Amino acid sequence: MCVRLLFAEHRTAPILIPDETGYLLAARLLAGGAAGNLSGWSFYQPGYPLLISPAYWLSDDPVTVYHLVVAINSLVGASLLPLAYIALRRLNVPRPQAYLLATVTALLPSVIYYSQFAMADAALPVVMLGWLLLIHSWLAGGRPGYGVAASALAAYCYCVHSRGTIIVLVHAGLLVAVLWRRWASKRDTAVIAGTLVTASAAAWALNGWARSQIYPGGVNPLGDFLSRRLTSPDGLGWTLGLATGKIWYLIVSTVGVAGVGLVAVGVLAVRQSTPVAIRATARVMLAAITGIAIASSAAVPDEGAVANFVYGRYLGCLAPVLFIAGAAFAVRATRRAAVQAVLATAALALVTGGIVCLHAGDRLSRSFFTALEFPEICFFTWSWDSLKLWSATCVALLLLALSGAVIAKWRRGGLLIVAAGFIAFALADTTVVANRVVRFLEKALWSDTSLAPAGLRAQDRVAVNYPDLAWRIWVAQAFQVRTGQVPIDRSRRATLPPDATLVVVPWDGVLPPEFSWPAVPAGWHIVLARRTYTGDWVAWRRGK
């Protein structure tokens, strides 16, 4: 927890817009505050905001709230260490090595990275690992209470992110298999299935309520993309190409260890000698990875970005699980098996990388790129303005081979050396990205959008001319405005609410700012005029 807080203590405002704003507005609503309005944007579900909503009980100051959210993220993320330790022990890793590898897992760059933001990805890795552990506990011990808890956690995933829909479907499929194979009694299975249905219904109701409050004008219909892509040849090609890119990122961003884990899990899933609980859990993992990779690829719009083709966040919630599987294999495997696993991982990385290049073509070099979406890859290649796919692949595979050679030669001592190297890499990666990317962008966005220089007050009623104002400006300001924003038409005086005290309108940057609000009533004056990279805007205040 302390390590996470150390990296995130500088954070004061959201920068992953509109995602962070969506979650923060939902948290504010759940804490009894103003709803805000994000109509037309993707739906940011209220499961994660439930975790961070206590921040609004302690303060309504946006900066303080954000600090508290990061602290909550750190507390939740820190629980990954004991869960990873439990998972490693169940894979028969000795206690000292299990604690060491659990520490490495908890410090994976992607895990620490997303704990710095008010996003569901700060909690999902813990939720996913907990869900899989509960499934294994139920199937291995036969105690239905674990199955009930696993169903509840699967339903919670449905309330956290759209990826949770896949988790619910996979969990339902598991229950069908349990019933068919008679791995549990019909009565226990019925109770566990009833929990899944009841908890999912509650999650559906909470999702619907939050959607009606924050998205009164509707949400971005990502389901339309999903159905079209999965029912047309071109759409299937797009989907499979993007899904392949997610697998490539998962392998390379973990220095190949998640790739080894993927190979190991695949073997466990098909080998008949594998204990039933392990084999079923492995199959659930593979189904979840496949379902999330395909569904998230089919549903995403073509935004003209490199991240369309290579993206790590959606499968990042399963990276710790696969890292654990790969690490456990490294400790227990024979040298021959280890060599085979490394070769299989290298082949998988090269094939997936090749498919991405063939599918994306020159769009990998000419599309929009931001280092925020590629923290590990940019650090690998020290390239902060473009994706060096093959350079990153080579570096990851070289480090994987070197790690395998060190462990093979010195075993326990080698494991300690490799673990120390991974921890050093994770801390260096997170430090560099935080200083070079996150802090820079936070400062720039805050300078562009902050209403503090306009004298924003806690009780201010803020009106916004939405249609013409750059969306990044008003979405960033939605978190700053504690009472919610209301729409106006700057050309029509009648649209101004009588209780409005501050108005934000776009500015062409050419005419004087006094011309930015043609229908300005008497008694209003300009308190701030901003020229920004995102767009120019002016803030007006009523009275003195």
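## Trp 540 and its partners in the sheet

Ile 526 stands opposite Trp 540 of strand β5, and the structure in which this pairing appears is a predicted model. Trp 540 also has a partner in another strand, for Val 503 is bridged to Trp 540 in β5.

## Strand β5 and the strands beside it

These residue pairs belong to a wider pattern of strand pairing. Strand β4, which covers residues 524–530, is joined to β5 by 6 bridges, and the two run antiparallel; β4 and β5 also form a hairpin, with 6 residues between them. Strand β3, made up of residues 502–506, is likewise antiparallel to β5, to which it is joined by 5 bridges.

How many of the 6 residues of strand β5 are buried? In β5, which spans residues 537–542, 5 of the 6 are buried, and the strand is therefore largely enclosed by the rest of the structure; here, a residue counts as buried when its relative accessible area is under 20%.

## The second largest pocket

Elsewhere in the numbering, the second largest pocket has a volume of about 590 Å³. Its lining consists of 22 residues, and those that lie nearest the centre of the pocket are Ala 264, Leu 268, Arg 271, Phe 329 and Arg 332.

Three helices, α15 (257–270), α18 (319–332) and α19 (335–360), each supply at least two residues of this lining, and the largest share, 5 residues, comes from α15. When the lining of the second largest pocket is sorted by class, it contains 14 nonpolar residues, together with 5 polar and 3 charged ones.

Notes:
Residues numbered from 1 in each chain as written. Predicted model: local features only at pLDDT ≥ 70, side-chain atom pairs only at ≥ 80, totals over all residues. Heavy atoms only, no water. Buried < 20%, exposed > 50% of the residue type's maximum accessible area, 1.4 Å probe, protein only. Helix = DSSP H or I, 4+ residues; strand = E, 2+ residues; numbered from the N terminus. Pairing = 2+ DSSP bridges. 1 Å grid on protein atoms, 1.4 Å probe; cavity = no way out; pocket = protein on both sides within 12 Å on 5 of 7 lines; lining within 4 Å. Points joined across faces, edges and corners; volume = space filled by probe spheres on them. Nonpolar A, V, L, I, M, F, W, Y, C, P; charged D, E, K, R; others polar.
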